[in-house]
Amino acid sequence: MRTRRFYPSWLPPNPRERTELLRMRRKQHLVIAWMVGLIPGSWIIVLLAPDETVFVPFTLLWIAVGLWFAERLGATRCPRCGYDFCEKRELAYLSGLFNSRCENCGLSLGTMAD
Ligand SMILES: [Zn+2]
């Protein structure tokens with residue numbers, strides 16, 4: 001087992017970490033947009049095929065893909081310390097979507113004023 005290194009949480013991200021953080025934040029927004037997209041997506045399906053043989057599998061597939069995205073996002077490693085950015089993901093996949101801070105070293109998505 002690797003020893004944990006401690007980094008001060010106020011330390012600003014270096015350019016490589018910053019690039020990774022921006023990518024993570026973009027992925028979070030994409031997955032949230034996907035989940036929100038279920039609502040207009042299901043309206044369209046109801047309009048096109050008002051019969052539940054299409055609607056139910058469509059909804060289940062959409063949610064399954066969203067959870068898979070969220071799981072992939074939650075599995076992202078922290079660019080600074082290399083540990084899971086979101087350790088809570090084992091309890092709740094969706095916590096990866098709203099997590100903005102590494103639970104190990106404190107590196108935060110919020111340190112990038114953009
Ligand atoms: Zn970290």
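## Zinc site, ring cluster and core

F69 is partly exposed, with a relative accessible area of 31%. Here, buried means under 20% relative accessible area, exposed means over 50%, and partly exposed covers the range in between (1.4 Å probe, protein chains only). The model is predicted: local features need pLDDT of at least 70, side-chain atom pairs count only at pLDDT 80 or more, and totals for chains, interfaces and linings use all residues. Numbering starts from 1 along each chain as its sequence is written, and side-chain values use heavy atoms, with hydrogens and water left out.

**Overall fold**

The chain has 4 helices and 0 strands. Its pattern along the sequence is α-α-α-α. Helices (H or I, at least four residues) and strands (E, at least two) are DSSP runs, numbered from the N terminus. Of the 114 residues in the chain, 35% are buried. The chain exposes about 7,600 Å², and carbon and sulfur atoms supply 66% of that area. The area comes from the Shrake-Rupley method with a 1.4 Å probe. Contacts reach far along the sequence. Among those with a separation of 6 or more, 61% join residues 24 or more positions apart. Contact means heavy atoms within 4.5 Å.

**Aromatic cluster**

F69 takes part in ring pairing. The structure holds 4 aromatic pairs. Rings of Phe, Tyr and Trp (its six-membered ring) pair if their centres lie within 6.5 Å; planes under 30 degrees apart count as stacked, over 60 as edge-to-face and the rest as tilted. The ring centres of W34 and F69 are 5.6 Å apart and their planes stand at 80 degrees, so this pair is edge-to-face. W34 belongs to helix α1 (residues 15-36) and F69 to helix α3, so the pair ties together parts that are 35 residues apart in sequence. W34 is partly exposed too, at 27% relative accessible area. Ring pairs join W34, F58, W62, W68 and F69 into a cluster.

**Zinc site**

Which residues hold the zinc ion? The protein donors are the SG atoms of C78, C81, C102 and C105, at 2.2 to 2.3 Å from the ion. Donors are N, O and S atoms within 2.8 Å of the metal (3.2 Å for Na, K and Ca); water is not among the atoms, so sites may look incomplete. Angles among the 4 donor atoms run from 107 to 116 degrees, and the site is tetrahedral. For four donors, that label requires all angles to lie between 85 and 135 degrees. The ideal angle for four tetrahedral donors is 109.5 degrees.

The spacing of the donor residues in sequence is C-x2-C-x20-C-x2-C. C81 sits in the loop between α3 (52-74) and α4 (95-98), and C105 in the segment after α4, so the pair ties together parts that are 24 residues apart in sequence. Both C81 and C105 are buried.

**Nonpolar core**

The zinc-binding cysteines also appear in the largest nonpolar core. This core has 10 residues: L21, M24, C78, C81, Y83, F85, C102, C105, L107 and L109. A nonpolar core is a set of buried Ala, Val, Leu, Ile, Met, Phe, Trp, Tyr and Cys residues joined through side-chain atoms within 4.5 Å. In soluble globular proteins, nonpolar side chains tend to be buried together. Beyond its neighbours within four places in sequence, M24 is in contact with L73, T76, R77, P79, F85 and L109.

**Selected positions**

| Residue | Place | Relative accessibility |
|---|---|---|
| E17 | helix α1 | 6%, buried |
| L22 | helix α1 | 27%, partly exposed |
| Q28 | helix α1 | 9%, buried |
| I39 | helix α2 (residues 38-48) | 47%, partly exposed |
| S100 | segment after α4 | 36%, partly exposed |

The next contact lists leave out residues up to four places away in sequence. E17 meets P12, P79, R80 and L107. Q28 touches L73, G96, L97, F98, N99 and L109. S100 is in contact with F85, L107, S108, L109 and G110.

C-alpha distances add links across the chain. L22 and L109 are 87 residues apart along the chain, yet their C-alpha atoms are separated by 7.6 Å. S100 and L21 lie 79 residues apart in sequence and 9.3 Å apart in space, C-alpha to C-alpha. For I39 and T59, the figures are 20 residues in sequence and 9.6 Å from C-alpha to C-alpha.

Notes:
Tetrahedral: all angles 85-135°; square planar, octahedral: opposite > 155°, others 65-115°.
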